[in-house]
Amino acid sequence: MPTEVALARARMLADNLMISEIPDLRSRVATRLAELESSPESGRAHRLAEQISQLLDEAEGLDDAQRALLRGAVEYFVLEDDFEPGLQDDAEAIEAIISTFSDMGIT
């Protein structure tokens, strides 16, 4: 999937993110990871959860728009019925966000 499509999908799920919500987002990621533990994509799920955790570690240094995009990454990962089956599209969306943040000098 092209980067623009991946970012557009994450942006569809983007919403305001307050720093006080980060523990809840971490919990939701952990819950989703536990649900995927016995799936064939468990390894990918662990990598994505780790990438999201690293992004959440940076949340305080992000502006409102960047934090909203970060929420979009979390929501994309925890959503069971997203745009495509499996985690490939989740990985592409998260990679696109990481790339966007890296272009901004974040992460």
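This report describes a nonpolar core, one pair of packed helices and one loop residue in a predicted model.

Residues are numbered from 1 along each chain as its sequence is written, and side-chain values use heavy atoms, with hydrogens and water left out. Local features need pLDDT of at least 70 and side-chain atom pairs count only at pLDDT 80 or more, while totals for chains, interfaces and linings use all residues.

The largest nonpolar core, a set of buried (under 20% relative accessible area, 1.4 Å probe, protein chains only) Ala, Val, Leu, Ile, Met, Phe, Trp, Tyr and Cys residues joined through side-chain atoms within 4.5 Å, has 32 residues, and Phe77 and Ile97 have the most contacts inside it. At least two residues of this core come from each of H1, H2, H3 (42–57), H4 (64–78) and H5 (88–103), helices being DSSP runs of H or I with at least four residues, numbered from the N terminus.

H2 and H4 pack with their axes, lines fitted to C-alpha atoms over the stretch in contact, 9 Å apart and at an angle of about 25°; they are therefore roughly parallel (under 35 degrees). The residues in contact (heavy atoms within 4.5 Å) are tabulated below.

| Helix | Residues in the H2–H4 contact |
|---|---|
| H2 | Leu25, Arg28, Val29, Arg32, Leu33, Leu36 |
| H4 | Arg71, Val74, Glu75, Phe77, Val78 |

Ile19 lies in the loop between H1 (3–12) and H2 (22–36), and it counts as partly exposed (from 20% to 50%) because its relative accessibility is 33%. Leaving aside neighbours within four places in sequence, Ile19 is in contact with Ala59, Glu60 and Arg67.

Conventions: Axes fitted to C-alpha atoms, helices over the stretch in contact; angles between N-to-C directions. Parallel < 35°, antiparallel > 145°, perpendicular 65-115°, else oblique.
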